[in-house]
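Hello,

Here is the structure I promised to pass on to you. Please open it alongside this email, and I will then go through what turned up in it.

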Amino acid sequence: MTLLDVSPPEPNPPKRKALIFGIIGVAIVAIGLFVIGLRQGANGLPEVPAHQNDTGVADVSTGTATLFFVAEDGMSLVEHQQPLNEENRDNSADHARIVLEHQLGNAPPPLQSPFPEGTVLRAVYLSPDGDAFIDFNREITRGHGGGSLDELFTVYALVNALTTNLPGISAVQILIDGQEVDTLAGHIDLRRPLEQNMEWVSGNT
């Protein structure tokens, strides 16, 4: 057999190549849009948690949560270990919601709740860099006493509860009715996520 006996390979027509590359491009764009849609919450904040491993969430099926209530003398926050009976959840946002709902519950006597009556958690969003955005109804500020110490207790009971129970959360920003706010009662700057601060925590019960 000589080289003349071998048929040269038939080249792909240019239109066929263009069609193949076009299909691939459309598929890539569609997959990208689908992933972005999954990661966006209703307000444009990431709703899919960045941390879903065992070190980033609390085990709410069998464990306890560390919550923070106001001491009997009203001068500090006190840690309280609260059993959690809910079934384990699929992601960190659900874990965060469970912890916050317990934190908003009644304080065990003689401790006091740091939240105004009627405060309701509306939503929880977690960002890929470890920030949590927690949205409340307006009662959290409308019914607030207004003192600087009271405001500290309200803010850091929330911040400390999330950062203590979910190590994947490094900072927390409080929203009201889905919007950023300057403060709750004129003292604590809420325009950015706040890190854990145990300066006002006196002990355990």
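To begin with one residue: does Asn137 count as buried or exposed? At 17% relative accessibility, Asn137 counts as buried, where buried means under 20% relative accessible area, exposed over 50% and partly exposed in between, with a 1.4 Å probe and protein chains only.

Before going further, please note that this is a predicted model, in which local features need pLDDT of at least 70 and side-chain atom pairs count only at pLDDT 80 or more, while totals for chains, interfaces and linings use all residues. Residues are numbered from 1 along each chain as its sequence is written, and side-chain values use heavy atoms, with hydrogens and water left out.

**Around Asn137**

Asn137 sits in the loop between β4 and α3 (139-142); helices (H or I, at least four residues) and strands (E, at least two) are DSSP runs, numbered from the N terminus. Its side chain reaches the backbone oxygen of Gly118 at 3.0 Å. That is a polar contact, meaning a pair of N or O atoms within 3.5 Å; within protein, one must be able to donate a hydrogen and the other to accept it, and residues adjacent in sequence count only if both atoms are side-chain atoms. Not counting residues up to four places away in sequence, Asn137 touches Gly118, Thr119, Val120, Arg122, Ile176 and Asp177, with contact meaning heavy atoms within 4.5 Å.

**The strands**

Just before that loop comes strand β4 (residues 131-136). It is mostly covered, with 6 of its 6 residues buried. Asp131, Phe133 and Asp135 point one way from β4, and Ala132, Ile134 and Phe136 point the other way.

Which strands pair with β4? Strand β3 (residues 121-126) pairs with β4 in the antiparallel sense over 5 bridges, and strand β5 (residues 171-176) pairs with β4 in the parallel sense over 6 bridges. Two strands pair if DSSP finds at least two bridges between them. On the β3 side, Leu126 has Ala132 as its bridge partner in β4; on the β5 side, Ile134 stands opposite Ile174. The hairpin of β3 and β4 has 4 residues between the strands, and Gly130 there takes a positive phi near 95°.

There is another hairpin, made by β1 and β2, with 6 residues between the strands and a positive phi near 75° at Gly74. These two strands run antiparallel and are joined by 7 bridges, with Thr64 opposite Pro83 in β2. β1 is mostly covered too: 6 of its 7 residues are buried.

**The core and helix α4**

In soluble globular proteins, nonpolar side chains tend to be buried together. Here the largest nonpolar core has 45 residues, and those with the most contacts inside it are Ile134, Val155 and Leu162. A nonpolar core is a set of buried Ala, Val, Leu, Ile, Met, Phe, Trp, Tyr and Cys residues joined through side-chain atoms within 4.5 Å. The largest share of this core, 9 residues, comes from α4. Ile134 touches, among others, Leu100, Leu121, Leu158 and Leu162.

α4 has 18 residues and reaches 26 Å from its first C-alpha to its last, close to the 26 Å expected at 1.5 Å a residue; the expected span is 1.5 Å times one less than the number of residues. Because 14 of its 18 residues are buried, α4 is largely enclosed by the rest of the structure.

Asn160 lies in this helix and counts as buried at 0% relative accessibility. Its side chain reaches the backbone oxygen of Asn197 at 2.8 Å.

**An aromatic pair**

The structure holds 1 aromatic pair. The rings of Tyr156 and Trp200 have their centres 5.5 Å apart and their planes at 35°, so the pair is tilted. Rings of Phe, Tyr and Trp (its six-membered ring) pair if their centres lie within 6.5 Å; planes under 30 degrees apart count as stacked, over 60 as edge-to-face and the rest as tilted. Tyr156 lies in helix α4 (residues 148-165) and Trp200 in the loop between β7 (194-195) and β8 (201-204), so the pair ties together parts that are 44 residues apart in sequence. Tyr156 counts as buried at 10% relative accessibility, whereas Trp200 is partly exposed at 22%.

Enjoy looking around, and best wishes.
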